[in-house]
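Let's take a walk through a protein chain together. Keep the 3D view open and turn it as you read.

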Amino acid sequence: MNKKIETFNSNDIQIEAKTPLYQGFFKMVRYDFRHRLFAGGWSDIVKREIFERGHAVAVLPYDPATKEFVLIEQIRIGALATSDNPWLIEVIAGVIDEGETIHDVCCREAEEEAGITLQNVTRAMSYLASPGGTTERIHIFMATTDSTTASGIHGLDYEGEDIRVHRVAEEDALEWLENGRIDNAATLIALQWFFMHKQKLLKDWSQV
């Protein structure tokens with residue numbers, strides 16, 4: 001007879017202390033905690049520094065008429081250590097501010113970062129960015145837009161943003177996925193989700 005495998009949840013963690021370490025553009029907090037062990041009993045106290053930046057939305061705008069995506073390009077200093085070119089091709093994204101709905105963030109960021117208007121904002125999925133070191137969850141959305149209105153340089157000066165807009169044909173986006181030009185998680189996941197669900201997505205949008 002097979003032994004039943006025990007599953008754990010958030011009730012199987014005891015937070016002993018939560019200590020603020022740094023508060024700047026982002027925040028660092030140290031968690032001291034115990035957790036149940038697979039072999040039974042409880043762990044010793046584990047200490048982990050966690051990066052707290054809130055949660056974010058990423059949206060992939062697509063124009064069914066031109067068969068183009070609207071993507072953006074901006075510098076990401078975190079890419080410098082492992083990339084020859086830290087100017088990354090990305091989806092539109094932003095942190096969810098207090099009191100905002102996820103839909104509001106999608107539309108606000110599309111205007112701020114690309115100067116475009118979204119329609120048919122559709123939830124795709126969400127994922128944990130890097131749960132070993134940060135609490136951040138990213139919500140991925142699809143949307144339609146008029147790609148012919150997308151051009152120029154955008155971004156908020158007070159946030160130090162310098163964002164260039166790209167109209168990217170479907171076949172080019174696929175090539176960039178395959179050759180590694182696109183190598184950041186949110187953009188990879190959003191584009192892969194689009195191509196996996198393209199037919200249903202376009203059908204649903206055509207019926208709105």
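Before we start, one bit of vocabulary: helices and strands here are DSSP runs, at least four residues long for a helix and at least two for a strand, and they're numbered from the N terminus. Also keep in mind that you're looking at a predicted model.

Start with the big picture. The chain has 3 helices and 11 strands. Following the sequence, you meet them in the order β-β-β-β-β-β-β-α-β-β-β-β-α-α. Along its principal axes, the C-alpha trace spans about 60 × 50 × 40 Å. Of the 208 residues in the chain, 37% are buried. The accessible surface comes to about 12,700 Å², and carbon and sulfur atoms account for 52% of that. How much of the contact map joins residues at least 24 apart? Take the contacts between residues at least 6 apart in sequence, and 54% of them do.

Now find helix H3, which covers residues 185–206. Don't expect a straight rod: H3 bends by about 75 degrees at His197. Several of its residues are buried, including Ala186, Leu191, Trp193, Phe194, Leu201 and Trp205. What covers the buried residues of H3? The cover includes strands E4, E5 (68–75), E6 (87–90), E8 and E9, along with helix H2 (170–179).

H3 also carries a charged pair. Side chains of opposite charge can pair when their charged atoms come close. Here Asp204 and Lys200 form a salt bridge, with their closest N and O atoms 2.8 Å apart. Why are these two well placed along the helix? They are 4 residues apart in H3, so about one helical turn separates them. Asp204 is partly exposed, with a relative accessible area of 33%, whereas Lys200 is exposed at 55%.

That pair has company, since a search of the whole structure finds 14 salt bridges. Some of them share partners, and in this way Asp97, Glu100, Arg108, Glu109 and Glu112 are joined into one network.

Two other salt bridges deserve a stop. Arg53 pairs with Glu136, their closest N and O atoms being 3.3 Å apart. This one links distant parts of the chain: Arg53 is in the loop between strand E3 (46–52) and strand E4 (56–63), while Glu136 is in the loop between strand E8 (119–128) and strand E9 (137–144), 83 residues apart. Arg53 is partly exposed, at 28% relative accessibility, but Glu136 is at 7%, so it counts as buried. The second stop is Arg30 and Asp32, whose side chains meet in a salt bridge at 3.0 Å, N to O. Is each partner buried or exposed? Arg30 is partly exposed at 25%, and Asp32 is buried at 7%.

Next, the rings. The structure holds 8 aromatic pairs. In one of them, Phe25 and Phe26 have ring centres 4.7 Å apart and planes at 75 degrees, so the pair counts as edge-to-face. Phe25 is exposed, with 69% relative accessibility, while Phe26 is partly exposed at 27%. Phe194 and Phe195 make an edge-to-face pair too, because their planes sit at 85 degrees, with the ring centres 5.4 Å apart. Phe194 is buried at 0% relative accessibility, and Phe195 is partly exposed at 24%. These two rings belong to one aromatic cluster with Tyr62 and Phe69.

Rings can have charged company as well. Look for Trp176: the charged end of Arg181 sits over its ring, 4.1 Å from the centre.

Last, have a look at the backbone. Which residue in the loop between E4 and E5 should you find? It's Lys67, which lies in that loop. Phi of Lys67 is near 55 degrees, a positive value in a residue other than glycine. Asn120 isn't a glycine either, and it has a positive phi of about 50 degrees. You'll find Asn120 in strand E8, where it is partly exposed at 26% relative accessibility.

Technical notes. Residues numbered from 1 in each chain as written. Predicted model: local features only at pLDDT ≥ 70, side-chain atom pairs only at ≥ 80, totals over all residues. Heavy atoms only, no water. Salt bridge = Lys/Arg side-chain N within 4 Å of Asp/Glu carboxyl O. Buried < 20%, exposed > 50% of the residue type's maximum accessible area, 1.4 Å probe, protein only. Phe/Tyr/Trp six-rings, centres within 6.5 Å; stacked < 30°, edge-to-face > 60°. Lys NZ or Arg CZ within 6 Å of the ring centre and 35° of its normal. Contact = heavy atoms within 4.5 Å. Areas by Shrake-Rupley, 256 points an atom, 1.4 Å probe, with all protein chains shown as cover. Bend = angle between axes of the 7 residues up to and from the residue.
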